[in-house]
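Colleague: Hey, I'm new to this one. Could you pull it up and walk me through the charged pairs?

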Amino acid sequence: MSTQGESATSGEIRPFTWTAGADFGQLVLRFALGGTFIAHGAQKIFGAFGGPGINGFAQFLQSKGFTQTTLLAWLTGLTELVGGALVVIGLFTPLAAAGLLAIMINVVIMKWGGGFFLGQQGTGFEFDLALGAMAAGVVLTGPGRLGLDTGFFWSRRPLGMGVGCLAVAVAATLLMQLVFRT
């Protein structure tokens, strides 16, 4: 029988425990994902970083076969901006990441015919799929212990809440495709 401080080199297998490395890894993931979406939301809403602004984004959506494009542009831009900020600080993380995931599912659907790789024309969906996978990972794992959600039930048992939020993301995707797509 080993003592609590005994090393794993003694031949005994240590039990699996949560590590600070997992929490810092989750923080890096949240910063990368949320920060990217904050920038994209700022492009759509404010025209920042060379972005199109609301009117330009609404015109783009119209060219892709969407209706009610000004409303959709605002919904998308605000979801990216606010959802990205919430993911960065780790507040309401599963729901915020589910909103980002819903956007990325819709983008992949929109770009599906352009192939997987971005290529010369930028028509592929590989980048969007990667962001969507990051969002799904955050939905399922929660914020880690380095977020403002720490202590809430969804951070103590992120899988249960994550599965529910995945369902919300899929429902939001279907709703968007049914309501805003011609």
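Modeller: Sure, here's a quick chat about the salt bridges; keep in mind that this is a predicted model.

Colleague: How many salt bridges are there in the whole structure?

Modeller: A search of the whole structure turns up 3.

Colleague: OK, what does Asp-23 pair with?

Modeller: Asp-23 forms a salt bridge with Arg-145, and their closest N and O atoms are 2.8 Å apart. Asp-23 is in helix H1 (residues 20-46), while Arg-145 is in the loop between helix H5 (126-141) and helix H6 (153-156), so this pair ties together parts 122 residues apart in sequence.

Colleague: And is Asp-23 buried or exposed?

Modeller: Buried, since its relative accessible area is 6%, under the 20% cut-off. Arg-145 is partly exposed, at 48%.

Colleague: Switching over to Lys-44, which residue is its partner?

Modeller: That's Glu-80, with the closest N and O atoms 3.0 Å apart. Glu-80 sits in helix H3 (residues 69-89) and Lys-44 in helix H1, so the pair links parts that are 36 residues apart in sequence. Both Glu-80 and Lys-44 are buried.

Colleague: What about Asp-128, where's the other half of that salt bridge?

Modeller: Asp-128 pairs with Lys-111, again with closest N and O atoms 3.0 Å apart. Asp-128 lies in helix H5 and Lys-111 in helix H4 (residues 93-111), so the salt bridge ties together parts 17 residues apart in sequence.

Colleague: How accessible are those two, Asp-128 and Lys-111?

Modeller: Asp-128 has 7% relative accessibility and counts as buried, whereas Lys-111 is partly exposed at 22%.

Methods
Residues numbered from 1 in each chain as written. Predicted model: local features only at pLDDT ≥ 70, side-chain atom pairs only at ≥ 80, totals over all residues. Heavy atoms only, no water. Salt bridge = Lys/Arg side-chain N within 4 Å of Asp/Glu carboxyl O. Helix = DSSP H or I, 4+ residues; strand = E, 2+ residues; numbered from the N terminus. Buried < 20%, exposed > 50% of the residue type's maximum accessible area, 1.4 Å probe, protein only.
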